[in-house]
Amino acid sequence: HVKRRGKDGYEFFSSNMKTMVDQHLSLDSGLRRAIDEEQLHVYFQPQIDLRSGEISGMEALLRWKHPEAGYISPTEFIPVAEENGLINEIGLWVLDAGCAELKKWRQAGHNQLNLAVNVSSKQLAQADFEQQVFNTLEKHGIPGSALELEITENVLIQDMDQVINKLRQLHAAGICIAVDDFGIGYSSLGYLQSLPLSTLKIDRSFVSGIRATNNRNSIVTAIIAMAKELGLRIIAEGVETESQHQQLKQLGCPHAQGFLFSRPMPKEQTAQFLNGVELQQQHS
Ligand code: C2E
Ligand code: MG
Ligand code: MG
Ligand code: MG
């Protein structure tokens, strides 16, 4: 009995491992092709100013439309791209494609709109990362102040002096730096004072925990208070319900993003969405 269980257990484990390795290998080689065959797309999700109801920015979110497998989540393929080094090329492409759309939106009259782009710690570690960003902005004629780069706390595990140096150069060019998924990392809070940050994005896990009874919201309340004290902008991520929206407003949270307002959209739909917003405002 014991032996058989052990054997089954082993087989289960090994075939599971094999599937994982196969998947990894096909993602790895598939990603190279995805770039060449234009299977990657940038989607955009609006960021809402809760006081005015206006759209303050759009976050660029990468999508991989695989010819056979369908859509593959960035949470699956970004780690692979970080491992095989393709993240640098892919990340730069997202920035370039995002800036191209931002330029169009701004030219269509949404001239206060900002673009937020996720940046992997691997990208930030490249020697010429900031120069690539400056070049891309210049290519599209976009001011630094219209761009926000979203980093996660894991960039702080790297050489801190190098990270600070890079972020300072980006900041000096007017570019905003946001800490994504704030509150779930392992770092101490000291970096909030030593880095030139603009924004904290409250992780979705805290937003989904918001209840109408106020005593459950202490973490969100504390993050908002701390951000105000530090002069940082706050965006709540993953707002899905009207109740969460109202609670966040009551707690004094100034910005939000989530399915309640809009899911991430392809570029054509994003342009239509923005046009609709403009029309609504003109007619009201
Ligand atoms: P993130 O930057 O924290 O992005 C937010 C994620 O939450 C996105 O998932 C978005 O589609 C999803 N989301 C937005 N609103 C809601 C909501 O109301 N409810 C729920 N359940 N989810 C919501 P997505 O697009 O699958 O991206 C996942 C992660 O992949 C991103 O998390 C980011 O870390 C990474 N990622 C995406 N695009 C890029 C990219 O271009 N470069 C890099 N380095 N990472 C990226
Ligand atoms: Mg993000
Ligand atoms: Mg996030
Ligand atoms: Mg996330």
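Reader: Which protein donors does the magnesium ion (ligand 3) have?

Author: Happy to start there, with the reminder that this is a predicted model. The donors follow the spacing D-D-x55-E along the chain, and they lie 2.1 to 2.4 Å from the ion. Glu237 appears twice in the list, each time through OE. The donors are Asp180 (OD), Asp181 (OD), Glu237 (OE) and Glu237 (OE).

Reader: And which protein donors does the magnesium ion (ligand 2) have?

Author: Here the spacing along the chain reads E-x58-N-x31-E-x29-D. The donors lie 2.0 to 2.2 Å from the ion. They are Glu59 (OE), Asn118 (OD1), Glu150 (OE) and Asp180 (OD).

Reader: Which residue coordinates both the magnesium ion (ligand 2) and the magnesium ion (ligand 3)?

Author: The two ions are 4.2 Å apart. Glu150 lies in strand 5 (residues 147-151) and its partner in strand 6 (residues 176-182), so the pair ties together parts that are 30 residues apart in sequence. That partner, which coordinates both ions, is Asp180.

Reader: Is Asp181 buried or partly exposed?

Author: It helps to look at other donors too. Glu150 has 1% relative accessibility and counts as buried, and Asp180 is buried with a relative accessible area of 7%. Buried means under 20%, and Asp181 has 27% relative accessibility, so Asp181 counts as partly exposed.

Reader: How many residues does the largest nonpolar core have?

Author: Good place to step back. In general, nonpolar side chains tend to be buried together in soluble globular proteins. In this core, the residues with the most contacts inside it are Leu115, Val133, Leu147, Leu149, Leu200 and Leu248. Helix 3 (residues 87-107) gives the largest share, eight residues, and the core has 71 residues.

Reader: Which residues is Leu147 in contact with, leaving aside its neighbours within four places in sequence?

Author: Leu147 is among the residues with the most contacts inside the core. Two other residues of that group, Leu115 and Val133, are on its contact list. The full list is Leu95, Leu115, Val117, Val133, Leu137, Ile175 and Cys176.

Reader: Why do the buried residues of helix 2 line one face?

Author: Helix 2 covers residues 74-84, and its buried residues are Phe77, Val80 and Ala81. An α-helix has 3.6 residues a turn, so residues three or four places apart point the same way. The face turned away from the buried side carries the exposed residues Thr75 and Glu83. Seen down the axis of helix 2, the buried residues line one face because they fall within an arc of 100°.

Reader: What covers the buried residues of helix 10?

Author: In helix 10 (residues 242-250), the buried residues are Gln244, His245, Gln247 and Leu248. Seen down the axis, they fall within an arc of 165°, so they line one face of helix 10. The cover includes helix 8 (204-208), helix 9 (218-230) and strand 8 (233-236).

Reader: Which residue with a positive phi follows helix 10?

Author: A glycine with positive phi also follows helix 2: Gly85, whose phi is near 90°. After helix 10, the phi is near 85°, and the residue is Gly252.

Reader: Where is Leu50, and is Leu50 buried or exposed?

Author: Leu50 is found in the loop between strand 1 (40-49) and strand 2 (55-66). Leaving aside neighbours within four places in sequence, its contacts include His245 and Leu248, two of the buried residues of helix 10. Leu50 has a relative accessible area of 4%, so Leu50 is buried.

Reader: Which side chain makes a polar contact with the side chain of Gln126?

Author: Gln126 sits in the loop between helix 4 (121-124) and helix 5 (129-140), and Gln126 is buried, with a relative accessible area of 14%. Leaving aside neighbours within four places in sequence, Gln126 is in contact with Asn88, Gln132 and Lys166. The polar contact, at 3.2 Å, is with Asn88.

Reader: Across the protein chain, what percentage of the residues are buried?

Author: The chain has 284 residues, and its secondary structure comes to eleven helices and nine strands. About 15200 Å² is exposed, with carbon and sulfur atoms supplying 52% of that area. Buried residues make up 44%.

Terms used:
Residues numbered from 1 in each chain as written. Chains lettered and ligands numbered in written order. Predicted model: local features only at pLDDT ≥ 70, side-chain atom pairs only at ≥ 80, totals over all residues. Heavy atoms only, no water. Buried < 20%, exposed > 50% of the residue type's maximum accessible area, 1.4 Å probe, protein only. Helix = DSSP H or I, 4+ residues; strand = E, 2+ residues; numbered from the N terminus. Arc of directions from axis to C-beta. Contact = heavy atoms within 4.5 Å. Polar contact = N/O pair within 3.5 Å; in protein donor to acceptor, adjacent residues only side chain to side chain. Donors = N, O, S within 2.8 Å, 3.2 Å for Na, K, Ca; no water. Areas by Shrake-Rupley, 256 points an atom, 1.4 Å probe, with all protein chains shown as cover. Core = buried A, V, L, I, M, F, W, Y, C linked by side-chain atoms within 4.5 Å.
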